[in-house]
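Biologist: I should like to understand how this protein chain is put together. May we go through the structure step by step?

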Amino acid sequence: MKDLLDIFVLLDLVHQLQHFLRLVFGQLDRCGRDPFQLRADGGDAFFFQGLLHVAEIAECAAEHEDGLVVLPGTLSHIFQAVIDQLEFQLIGIQPLQLQLEGTHLRELEADTAAVAQFLALRYVPAPRTHVQGIRKLRAGEAIALGRSAELVGTRFWSPDLPVNGVEGGRVMSVEEAVEGVRDRVRQAVRIRLRSDVPVGAFLSGGIDSTAVACAVRDLLPAARFSTFCASFDDKQLDESPFARQIAVQLGSDHHEVHFSSQEILPLFDDLIDHYDEPFADASMFPTFAVCRAARQECKVMLSGDGGDECFAGYRQTFNYYRWHDLRRTPGVNFLAERAFRHYQYGWRGRGLLNFLRQDDWQLLRAGRDQTPLLEWFLPSHREEARSGLAELETGDRRHARLPYPLSGMEATLFGYLPEQILVKVDRASMYSALECRAPFLDSRLFQFAAQQPLHYHLAHGQGKALLRKALPAWVPPEIRWREKRGFTPPLAAWLRSDLRRHVENDLANYPAALQEILDPAPARELFAQHLAGADCSDQLFRWMVLIRRSGKL
């Protein structure tokens, strides 16, 4: 009787989830039918954003512990996933976290290896979380739970890049590649415009968001649609004039959201808590501000996330690209290293010399010196921290089969994109009850871009050449070929003013969960250096986030 009751409890939870998703997103399938359907054979099935889930109840269904539904190891098959290749993006946005056997919610402890990874990266990469005994799936990963309670993980897709660009087949011309990009961006946007609720687009004035907004107008030439842009007081960060210029040409209902520290900082604690895991990308604050404003008009927004990763948009990818052959010439690294030691900071050409002195592995691992970070950990936990950093190095060695900068591009696809960029936008948008869709994550678009020779993506000293050339002819050169800008708030100034008391309180109330792992002295020293004029805001923010999230354990 208890097993039968548990089965009904689980089915009821599934039906409530279906009702919730249908209520929030109001989505119908392409024929206008409700996406949630019951199968005639007694199983439970529903479609959601191109993914088919099938729940087949085997033996007993669920047990209740600490208010959660915990699926026991005796369930042989709970979910099978059938991927719709036309509609489902594979890089991954929303996480699935697993509580491992033997972990109790009342006895959670910090994962030292994960803490080390967070301090190195600003996020905790899958499969770890900052809590011992809780893991999360990687993007493109599936798990099977057998009768022996053994979890078996498999990667059904991963964003591997080909070693030599196109692997087999004819290399298309640049013109053909541009037309292929234009067509696939249009199709990716068309798919993500399906909705029964208003859909808008973020428009920063950058290449990625411009391409998405132009595709929307091309697909809906007479429709009213809204675009949103964040504006900053700092003219070095403010892209709103470029966004405004594009919006006028598109005829969109354009909204400029002025980023105000006074409005966002009161939400500082709540927003950090909303991310759940430690997450230290300060651009979460302007991202949330523009999401909150967009939610007043729309329930679904299109973003340009993934464009830099697909089309070689990061500076480290295209910087000094023409000098790679010289850098790999025997003896050049050695000579450049000797010259660099005597080259004073600020001298012209120092950046190029620094580039020439490094091999592919050093460029891939740039900025990941483990020695200072390991010294922050107490001796009793230093080896565990070292193991966490070693996991990062193991992942990089897999990418190092590729020549640089291809190895760096693949590393961002495996780590930075799904773990930082997509998490940032997903959590910030969901905090405002807004759904965000990213056309550049479309698997067909990504695979097409990855198959093109790397030099196709580079022109005029910039990346994303194919995407730039695929923009409409009316886009002016000052927008088409302008440099990428960041989306960063004035964090360094905040930590000396509005957030100074927050830092002081965090360091004074160092949580018990960290006291046995990390020495707080380095954080206090960083804060003193920052107040004295050095910019230590990046590392300080990581410490603030870690202290606050660890205090919840």
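The exchange below moves from the whole chain to its sheet, its helices and some individual residues.

Biologist: What share of the 553 residues in the protein chain is buried?

Modeller: This is a predicted model, and every value given here is computed from it. The protein chain has 25 helices and 15 strands. Among contacts between residues at least 6 apart in sequence, 75% join residues at least 24 apart. Of the 553 residues, the buried share is 50%.

Biologist: In what order do the 5 strands of the open sheet stand?

Modeller: The pairing in this open sheet is parallel. Strand E13 (253-258) and strand E15 (435-437) each have a single partner strand, so they stand at the edges and one side of each is left without a neighbour in the sheet. From one strand to the next, the twist averages 30 degrees. The order of the 5 strands is E13-E12-E11-E14-E15.

Biologist: Which residue in E13 is the bridge partner of Ser 231?

Modeller: Strand E12, residues 226-231, pairs with E13 in the parallel sense, and 6 bridges are found between them. E11 and E12 also run parallel, joined by 2 bridges, and there Ala 201 stands opposite Thr 227 of E12. On the E13 side, the bridge partner of Ser 231 is His 258.

Biologist: How many of the 6 residues of E12 are buried?

Modeller: In a regular strand, side chains alternate between the two faces of the sheet. In E12, Ser 226, Phe 228 and Ala 230 point one way, while Thr 227, Cys 229 and Ser 231 point the other way, and all are buried. E12 is therefore largely enclosed by the rest of the structure, the buried count being 6 of the 6 residues.

Biologist: At about what angle to E12 does helix H8 run?

Modeller: Helix H8 comprises residues 284-294. This helix lies across strand E11 (199-202), E12, E13 and strand E14 (300-302). Relative to E12, H8 runs at about 150 degrees.

Biologist: Are H3 and H4 roughly parallel or roughly perpendicular to each other?

Modeller: Helix H3 (residues 174-192) and helix H4 (residues 207-219) have axes 9 Å apart and pack at an angle of about 75 degrees. Val 185, Arg 186, Val 189 and Arg 190 in H3 meet a set of H4 residues that includes Ala 211, Val 212 and Asp 218. By class, this contact has 7 nonpolar, no polar and 3 charged residues. Given the angle between them, H3 and H4 are therefore roughly perpendicular.

Biologist: At which residue does helix H17 bend?

Modeller: Helix H17 spans residues 406-430, and 22 of its 25 residues are buried. The helix is therefore largely enclosed by the rest of the structure. Its bend is about 50 degrees, and a proline, Pro 418, follows within four residues of the bend, which lies at Tyr 416.

Biologist: Does Thr 412 count as buried or exposed?

Modeller: Thr 412 is placed in helix H17. Not counting residues up to four places away in sequence, Thr 412 touches Glu 309, Leu 417 and Pro 418. Its relative accessibility is 13%, and the cut-off for burial is under 20%, so Thr 412 counts as buried.

Biologist: Which residue is joined to Tyr 404 by a cis peptide bond?

Modeller: A cis peptide bond also joins Ala 126 and Pro 127, with omega about 15 degrees, and Pro 127 lies in the loop between helix H2 (112-121) and strand E8 (134-136). For the bond that starts at Tyr 404, omega is near 15 degrees. The residue that follows is placed in the loop between helix H16 (382-399) and H17, and this residue is Pro 405.

Biologist: What is the relative accessible area of Ala 433?

Modeller: Ala 433 lies in the loop between H17 and E15. Although Ala 433 is not a glycine, its phi is positive, at about 60 degrees. Ala 312 likewise has a positive phi, near 60 degrees, but Ala 312 is buried, with a relative accessible area of 0%. Ala 433 is partly exposed, and its relative accessible area is 45%.

Note on methods. Residues numbered from 1 in each chain as written. Predicted model: local features only at pLDDT ≥ 70, side-chain atom pairs only at ≥ 80, totals over all residues. Heavy atoms only, no water. Axes fitted to C-alpha atoms, helices over the stretch in contact; angles between N-to-C directions. Parallel < 35°, antiparallel > 145°, perpendicular 65-115°, else oblique. Contact = heavy atoms within 4.5 Å. Nonpolar A, V, L, I, M, F, W, Y, C, P; charged D, E, K, R; others polar. Bend = angle between axes of the 7 residues up to and from the residue. Buried < 20%, exposed > 50% of the residue type's maximum accessible area, 1.4 Å probe, protein only. Pairing = 2+ DSSP bridges.
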